Amino acid sequence: MRNTRQRSVLTGLVSSRHHAFTAEELWGAARDAGSPVGLATVYRTLALLEADGRVRRLDRGRFIACEPGHHHHLVCVSCGAVEETELCAAPAVTEVRKRHGFVVQHHEADLYGVCGKCA
């Protein structure tokens, strides 16, 4: 990914977020920070970050910044908080290949519910 000034601003804003956000919210945050960017640039940057594994697309057009490595997300439907978890209920890739002849490259799972603060 070519690192332009606009992408650098957007990447910084993404990494500072601890809750899910929309492209429009990120666009507004860039404007509020004095770095106006086009909405199309925001979407292109999010697509590049998603392809790079640094952002994950959630439900309802929301995104979340991600740490590298295998993990899943716990998404609170009440307050919108998102927590990473390394807990995984997916079958072992060797078992999937043995049973189905399918070679797993990766998987994603997000769990939606109510967090401990909202419960």
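Here a biologist and a modeller chat about a predicted model.

Modeller: Quick ground rules: local features need pLDDT of at least 70, side-chain atom pairs count only at pLDDT 80 or more, and totals for chains, interfaces and linings use all residues. Residues are numbered from 1 along each chain as its sequence is written, and side-chain values use heavy atoms, with hydrogens and water left out.

Biologist: Which element of the chain has the highest mean pLDDT?

Modeller: pLDDT is the predictor's confidence in each residue, from 0 to 100. The chain's mean is 90, and 99% of its residues reach 70 or more. Among the elements, which are DSSP runs (helices: H or I, at least four residues; strands: E, at least two) numbered from the N terminus, strand β5 (residues 82-85) has the lowest mean, 87, and the highest, 96, belongs to α2.

Biologist: Which element gives the most to the largest nonpolar core?

Modeller: A nonpolar core is a set of buried Ala, Val, Leu, Ile, Met, Phe, Trp, Tyr and Cys residues joined through side-chain atoms within 4.5 Å, and buried means under 20% relative accessible area, exposed over 50%, partly exposed in between (1.4 Å probe, protein chains only). The largest one has 15 residues, and Leu10, Phe21 and Leu26 are among those touching the most other members. At least two residues each come from α1 (5-15), α2 (23-32), α3 (39-51) and β3 (62-65). With 4 residues, the top giver is α2.

Biologist: Which residue lies over the face of tryptophan 27?

Modeller: A charge sits over a ring if NZ of Lys or CZ of Arg is within 6 Å of the ring centre and within 35 degrees of the ring normal. Phenylalanine 21 has arginine 17 over its face, at 5.9 Å from the ring centre. For tryptophan 27, at 4.5 Å from the ring centre, the residue is arginine 31.

Biologist: Why is one side of β1 and of β2 left without a neighbour in the sheet?

Modeller: Two strands pair if DSSP finds at least two bridges between them. This open sheet has 3 strands in the order β1-β3-β2, with antiparallel pairing. β1 (21-22) and β2 (55-57) stand at the edges, so one side of each has no neighbour because each has a single partner strand.

Biologist: Is lysine 117 buried or exposed?

Modeller: Lysine 117 is found in the segment after β6 (110-113). C-alpha to C-alpha, lysine 117 is 9.5 Å from cysteine 76 in space, though they are 41 residues apart in sequence. Its relative accessible area is 81%, so lysine 117 is exposed.
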